[in-house]
Amino acid sequence: MEELLPMIGWAVGMALAGAIAFGLLGLVSGTDETATIAPITLLVILLGVPPVGVFAFFMASISAKHITHAIPTTLLGIPGDTMAAPLLRDAQLLRELGVPHIALRKAISGGVLAALIAVPLAVLFAWLLTPFADAISSVAGWIFLAAAVLIAFLSKSRWAAVIALIPFVLLVLGLNAFTLATLDRTLTVSFFLGIATGPLIVDMFLAASPVGRKTLQRADKRRFELAADSRTWKGRMPSPFGVLSRGQLGATAGAATISSATFVFSPVAMTVLMGELFGSRVKGAYQRLTTQMSVKNGTTESTYIAETLIPLIAIGLPLSPMAASVASPLFNAPPVYTIDDGVPNNLHTMLEPWQFLVFGLVAVILAVLLTYPFAMTQAHRAAKWIMQKVSHEAIIGAFAGLLVVISLYEGGVIALFVTLTVGLVGGMLNKLFAVHTGVQFMGYYVAVLSVPGILALFA
């Protein structure tokens, strides 16, 4: 009991911190998860927070953000983050029908239900996969190579993304050789930061260029239409079971179950697939659109949770698009967490399966209790305040400053240059060729884990 109380304290405290921070950040449109959650989680790890606290912080962060990201998506017609993009079309059609508040409440209620389902199911699926962990770890280098090619092929760019892996891997290898010769060691965190914040770094370079600045200029302020607020439930506090119909509850639960098991596929692709699969069975435009809103936003929660928990619990290696991007600090954050030579020394070895289940549920429940009532009752007021008062430039500046601080902490000016180089190249691949961060993270692991094994075969 004496050992359990400090763990509970850290879990509750860090879960509250993550839920509050990213519940608010989800209100700000365009705040990509990889560029926000990953660096802050990395900072939490480097500050020395215990494993239970790190895990609870991350779980609460992704749960809270995927509840509040529906607010700008449905009420303003702009995606709250990358995972909100598949919701845009359905949200826009419901806006045209004059019911954006219904779209919002269906979306966040589906997210709450899916999050509570995904945690125990992901732990169960991870437990079923655990007996094969040693076999998987022994061929980790080859698995990373196969996973990188698969994830690249399943992205929007298809073969272009697969081919783009080659120069990106060579870039990582070259920078690793340079840092080894200069600092007598290789870097890791700087690569993560560069990949995660690539689009942001590209935008900053464009803003500094007279030619690129023209592409960012606007002739006038952006204008958005915000529909009137109205409540559609009885009593003071809403409940997902009162907001979703019986059919929508079943569809959202079914989508959460399926997406909790298929952890190797792109979260965005799974979101679209689940929405179409369950929405196509519903007759009537209004019922179909509202069902798709609940199912799709539920899938954003379940895929993020499952793609983090299954590889983390069963294997300890980032073998999913989510684990290789947003959740990457949980697997590899030297010198605290490492996967040197494919051997994990991270949350996989530091926490027991029951801790993942219990503290994962605690974090998700706390995030739900904080953000769901707020989103249901204060969404209109919050969206209006964010658009009028919050400076996007200030948020970008804050994350740019965080990028510089963490890079300098790892390896001084050399590390900062590595971050800028990887970010500039990776950001252009992302913006111009839709080679998303998941593909780039897998490319990094191919460079440090797969290539040495391949070269050894031909030595």
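**Figure 1. Y444 and Y445, two buried tyrosines.** Both Y444 and Y445 are buried in this predicted model. In general terms, a pair of aromatic rings is described by two quantities, the distance of the centres and the angle of the planes. The structure holds six aromatic pairs. For Y444 and Y445 the ring centres are 5.5 Å apart and the planes stand at 70°, so this pair is edge-to-face. Ring pairs also bring in F191, which forms a cluster with Y444 and Y445.

**Figure 2. The second largest pocket.** Y444 appears again in this view, as one of the residues nearest the centre of the second largest pocket. The others nearest the centre are T186, L187, T188 and D340. In total, 22 residues line the second largest pocket, and its volume is about 500 Å³. Three elements each give two or more residues to this lining: α9 (159-183), α20 (392-433) and α21 (437-457). Helix α21 supplies the largest share, six residues. Sorted by class, the lining of the second largest pocket comprises 14 nonpolar, four polar and four charged residues.

**Figure 3. An arginine over a phenylalanine ring.** This view shows R158 and F153. R158 lies over the face of F153, and the distance to the ring centre is 4.9 Å.

**Figure 4. Helix α2 and its surroundings.** Helix α2 consists of 14 residues, 33-46. From the first C-alpha to the last, α2 reaches 19 Å, close to the 20 Å expected at 1.5 Å a residue. As a general point, an α-helix has 3.6 residues a turn, so residues three or four places apart point the same way. Helix α2 is mostly covered, with twelve of its 14 residues buried. Among these buried residues are E33, T34, T36, I37 and the run V44, I45 and L46. A35 also belongs to helix α2 and is buried, because its relative accessible area is 14%, below the 20% limit for that class. The C-alpha atoms of A35 and G198 are 8.2 Å apart in space, although 163 residues separate A35 from G198 in sequence. Just after α2, G48 takes a positive phi of about 95°.

**Figure 5. The second largest cavity.** Rolling a probe the size of a water molecule over the atoms shows where empty space is left. A search of the whole structure finds two cavities of 30 Å³ or more. The second largest cavity has a volume of about 50 Å³. Helix α2 contributes to its lining, as do α10 (189-196) and α17 (328-331), each with two or more residues. The lining residues are A38, P39, L42, F192, L193, A196, S328 and P329. Of these, A38, P39 and L42 are also among the buried residues of α2. By class, the lining of the second largest cavity has seven nonpolar residues, one polar residue and no charged residue.

**Figure 6. S320 in the loop before α17.** S320 lies in the loop between α16 (285-314) and α17. S320 counts as buried because its relative accessible area is 1%, under the 20% cut-off. In sequence, S320 and A161 are 159 residues apart, and their C-alpha atoms are 17 Å apart in space.

**Figure 7. A cis peptide bond between two prolines.** P334 and P335 are joined by a cis peptide bond, with omega about 5°. P335 is found in the loop between α17 and α18 (347-350). For background, most peptide bonds are trans.

**Figure 8. Positive phi at D184 and A434.** Most residues other than glycine have a negative phi. D184, which is not a glycine, has a positive phi of about 65°. The residue D184 sits in the loop between α9 and α10, and it is exposed, because its relative accessibility of 68% is over the 50% limit. A434, likewise a residue other than glycine, has a positive phi near 60°. A434 is located in the loop between α20 and α21. With a relative accessibility of 27%, A434 counts as partly exposed.

Methods:
Residues numbered from 1 in each chain as written. Predicted model: local features only at pLDDT ≥ 70, side-chain atom pairs only at ≥ 80, totals over all residues. Heavy atoms only, no water. 1 Å grid on protein atoms, 1.4 Å probe; cavity = no way out; pocket = protein on both sides within 12 Å on 5 of 7 lines; lining within 4 Å. Points joined across faces, edges and corners; volume = space filled by probe spheres on them. Helix = DSSP H or I, 4+ residues; strand = E, 2+ residues; numbered from the N terminus. Nonpolar A, V, L, I, M, F, W, Y, C, P; charged D, E, K, R; others polar. Phe/Tyr/Trp six-rings, centres within 6.5 Å; stacked < 30°, edge-to-face > 60°. Buried < 20%, exposed > 50% of the residue type's maximum accessible area, 1.4 Å probe, protein only. Lys NZ or Arg CZ within 6 Å of the ring centre and 35° of its normal. Expected span 1.5 Å × (residues − 1).
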